[in-house]
Amino acid sequence: MAVLSIRRFGDPALNEKSLPVREVDHGIRDLIKNLAEIMYDAQGIGLAAPQVGVLKRVFIFDLGEGLVSYINPEIVWRSKKTEEEEEGCLSVPDIKVPIKRSEKIKVRALTPEGKKVEFRAEGLLARVIQHEVDHLDGILILDRMSKAERRKTLQQMSGFAQTVPQQEILRRGSHD
Ligand SMILES: [Zn+2]
């Protein structure tokens, strides 16, 4: 696999809808290994495949209890009750913005072993899963903000983009 790096806001891959995985094979497990390395390097808590330019419905996260990976995840139910909390994103660096998400969700997905799972999630877990599923649908936290907040954030970010060269995020050396 080619060396992968985190795509940042402005990269068209981040606005694409990713495709379902047809077979959970060792290519997918390799992809997950790559994603994990990149996520831990960047000290993120979650990463979706399109964030490294791979348009497949795969994401990973680690909320401090080890790596979890899901393939073809579907949120089959969302509570009407929402919560607003600050979120960050490795593709939209150095900002944290309040985002409203369903408090509870029900999820169906495949594990890296190809096993079907269905579970309920709430709190941070529900938030992370909704954030990552958004990535698979080409939606960024910026797209979930009000117009005014978005404008303000983009102004902050354009200042940031001028001072930090893109190359600085390519911290990973060659991979495989
Ligand atoms: Zn993100």
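F9 sits in the segment before α1, the helix spanning 26–41. The model is predicted. F9 is partly exposed, because 18 other C-beta atoms lie within 10 Å and a buried residue needs 20 or more. Its contacts beyond four places in sequence are L14, S91, V92, L140, L142 and M157. F9 also comes within 9.3 Å of L90, C-alpha to C-alpha, across 81 residues of sequence.

E87 belongs to strand β4, residues 82–89. E87 counts as partly exposed because it has 19 C-beta neighbours inside 10 Å, where 20 or more would make it buried. Outside its neighbours within four places in sequence, E87 is in contact with K96, V97, I99, H131 and I141.

The two spatial pairs are set out below.

| Pair | Apart in sequence | C-alpha to C-alpha distance |
|---|---|---|
| F9 and L90 | 81 residues | 9.3 Å |
| E87 and K100 | 13 residues | 9.6 Å |

Next, the strands. β3 covers residues 68–78 and β6 covers residues 104–110. They pair in the antiparallel sense, over five bridges. One bridge joins I71 to L110 in β6.

β6 also pairs with β7, residues 116–122. This pairing is antiparallel too, with seven bridges. Within it, I105 stands opposite A121 of β7. β6 and β7 form a hairpin, and five residues lie between the two strands. In the turn, G114 has a positive phi of about 85°. β6 therefore pairs with β3 as well as with β7, since DSSP finds at least two bridges in each case.

Which residues touch the most other members of the largest nonpolar core? They are L35, L47, A49, V58, F59 and I60, out of 31 residues in that core. Several elements give two or more residues to this core: α1, β1 (46–48), β2 (58–61), β3, β5 (92–102), β6 and α2 (123–136). α1 gives the most, with six residues. In soluble globular proteins, nonpolar side chains tend to be buried together.

F59 is one of those core residues with the most member contacts. Leaving aside neighbours within four places in sequence, F59 is in contact with G46, L47, A48, A49, Y70, P73, E132, H135 and L136. Among them, L47 and A49 are also on the list of core residues that touch the most other members.

Technical notes:
Residues numbered from 1 in each chain as written. Predicted model: local features only at pLDDT ≥ 70, side-chain atom pairs only at ≥ 80, totals over all residues. Helix = DSSP H or I, 4+ residues; strand = E, 2+ residues; numbered from the N terminus. Buried ≥ 20, exposed ≤ 12 C-beta atoms within 10 Å, placed from the backbone. Contact = placed C-beta atoms within 7 Å. Core = buried A, V, L, I, M, F, W, Y, C linked by C-beta atoms within 7 Å.
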